[in-house]
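Here is a short tour of a protein model and the spaces in it, written with a computational chemist in mind. Have the viewer open and follow along.

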Amino acid sequence: MRIAILGGGQLAWMLAQAAEPLGISVAVLDPSPDCAAGRIADHVVAAYDDPDGLDRVAAGADVVTYEFENVPAAAVTRLAERGVPVLPFPASLAVTQDRAREKELLASLDVPVAPYALIDGPDDVPAALAAVGAPGIVKTRRLGYDGKGQVRVAAADDLAGAVAELGGAGLIYEGLVRFERELSIVVARGADGAVAAHPPVENEHRDGILACTIAPAPGLDEARRAACERIGIAVAEALDHIGVLCVELFDTPDGIVANEIAPRVHNSGHWTIEGAVTSQFENHVRAVCGLPLGDPSARGASAMVNIVGTEPDLAELLAVSGARVHRYGKAPRSGRKLAHVTVVAANQGDLDATLGRVRALADRAWEA
Ligand code: AMP
């Protein structure tokens, strides 16, 4: 079998790693000549909407999948014309490319979300304030990531300025959720409708970027664990999603509130490579190839630490017993994810000492 992947970054690189032992070959489409996945997969260097590039990457592929949600609609249309299936189906992209449609879907599934209002011009500001109040956050409905395309609003008077700053239209204004911590759930859904949910995890962000994931989320009671799982599975089923998706969540005193959906393998699932019986990457490959899903359960307690901006000394990282290093081969740049490190232990207590050493190295590199 052969999979084509739109995007050749670290997610595609780890998908290709998961496909390799199954004897499934991978081709990626990515405009960057030195993308991470190009090291181990066939690489077509072209823009995502380049018809010739799309034809070349899809040639000989049984299925096309993607590692990012902002796949241009023109690309999906071109692939559909060629008759190559695109999985997850384009509906997963259409909903998750637009924060408003995402919120509508969640609300239709009775999943709590932050109060919100859509803003398409200055005239919408008073109604948005009346509906949501302040403080809040204005976000672009499309093309936001890692906290980009967002402006915090501390008081009602600040909203008009924040709206102007983000272009004045195509925006969503959300009430600020007072959460105790951030969680996420990664779920795979197979072509036969079977689902495999990894345990919910706890995520810590820094500068709007994921810094650390602890898996499973420590101290999550059974009712909340089940609520997270229900949300992940309900979203996958509502989208008729085939493949992996992630729902980012807030853990609040009133229960679990959903923030956003990623229709793909997710950074908060990287721990599954070492920490779960079957990784998110392998289950995505299995799902889009029509193969049975693997056991998503955790092997113990895991933590994943992102390396952002610059990389710590490799020897220092490897000197931490049990640290598993994944380097994406990318040039250092402020705010750029360059690598991640996973540690797995029998239980949470054993995890903390090792995690502390990895985090100290990662934090120093982030500041550098
Ligand atoms: P997002 O791009 O929607 O994932 O937002 C990035 C980060 O901003 C989240 O991980 C939260 O830390 C924070 N955030 C986003 N929306 C809200 C909200 N409605 N209330 C509180 N914090 C939020």
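## The second largest pocket

In this predicted model, the second largest pocket holds about 180 Å³ of space. Its lining is made up of 14 residues, and Q17, A18, I273, S279 and E282 are the ones closest to the centre of the pocket. If you colour by secondary structure, look for α1 (10-19), α9 (272-275) and α10 (280-288), the elements that each give two or more residues to this lining. The largest share comes from α1, which supplies three residues.

What is the chemical character of the wall? Eight of the residues lining the second largest pocket are nonpolar, four are polar and two are charged. And why does this pocket lie between domain 1 (2-86) and domain 3 (181-367)? Both domains give residues to its lining, so the pocket sits between them.

## How the chain is divided

It helps to have the domains in view before moving on to the ligand. The domain assignment splits the chain into domain 1 (2-86), domain 2 (115-175) and domain 3 (181-367). Taken over C-alpha atoms, the centres of domain 2 and domain 3 are 29 Å apart.

## Around the ligand

Now to the ligand itself. Which residues come nearest to it? The ligand has 17 residues around it, and the nearest are K139, Q150, V177, E182 and E260. Domain 2 (115-175) and domain 3 (181-367) each contribute at least three residues to this shell. By type, the shell around the ligand has six nonpolar, four polar and seven charged residues.

Three side chains are worth selecting for their polar atoms. K139 places a side-chain N or O atom 2.8 Å from an oxygen atom of the ligand. The side chain of E182 likewise has an N or O atom 2.6 Å from a ligand oxygen atom. With E174, the partner is a nitrogen atom of the ligand, which lies 2.9 Å from a polar atom of that side chain. How much of the ligand does the protein bury? On its own the ligand exposes 470 Å², and the protein buries 93% of that. The elements that give two or more residues to the shell are the strands β6 (136-140), β7 (150-153), β8 (171-175), β13 (243-252) and β14 (255-262).

## An enclosed cavity

Besides open pockets, there is enclosed space to look at. A general idea helps here: rolling a probe the size of a water molecule over the atoms shows where empty space is left. In this model, the count comes to one cavity of 30 Å³ or more. The largest cavity has a volume of about 40 Å³.

To find the largest cavity, select its lining residues: I307, E311, P312, L314, L317, V325, R327 and A339. At least two of the lining residues come from α11 (314-318), and at least two from β16 (324-327). Six residues of this lining are nonpolar, none are polar and two are charged.

## Backbone details to check

A few backbone features deserve a look if you plan to go through the torsions. L87 and P88 are joined by a cis peptide bond, with omega about -10°. P88 belongs to the loop between α3 (73-82) and α4 (90-96). Another cis peptide bond runs from A134 to P135, where omega is near 5°. P135 is found in the loop between α6 (125-132) and β6.

Which residue has a positive phi although it is not a glycine? That residue is D207, with a phi of about 50°. D207 sits in the loop between β11 (201-206) and β12 (209-215).

Definitions and conventions. Residues are numbered from 1 along each chain as its sequence is written. This is a predicted model: local features need pLDDT of at least 70, side-chain atom pairs count only at pLDDT 80 or more; totals for chains, interfaces and linings use all residues. Side-chain values use heavy atoms; hydrogens and water are left out. On a 1 Å grid over the protein atoms alone, a cavity is a set of points where a 1.4 Å probe fits but cannot get out, and a pocket is an open set with protein on both sides within 12 Å along at least five of seven lines; lining residues have an atom within 4 Å of a point. Grid points are joined across faces, edges and corners, and a volume is the space filled by probe spheres set on the points. Helices (H or I, at least four residues) and strands (E, at least two) are DSSP runs, numbered from the N terminus. Ala, Val, Leu, Ile, Met, Phe, Trp, Tyr, Cys and Pro count as nonpolar, Asp, Glu, Lys and Arg as charged, and the others, Gly among them, as polar. Domain bounds come from an automatic or database domain assignment. A residue is near a molecule or strand if one of its heavy atoms lies within 4 Å of it. A polar contact is a pair of N or O atoms within 3.5 Å; within protein, one must be able to donate a hydrogen and the other to accept it, and residues adjacent in sequence count only if both atoms are side-chain atoms. Accessible areas come from the Shrake-Rupley method with a 1.4 Å probe; for residues, only the protein chains shown count as cover.
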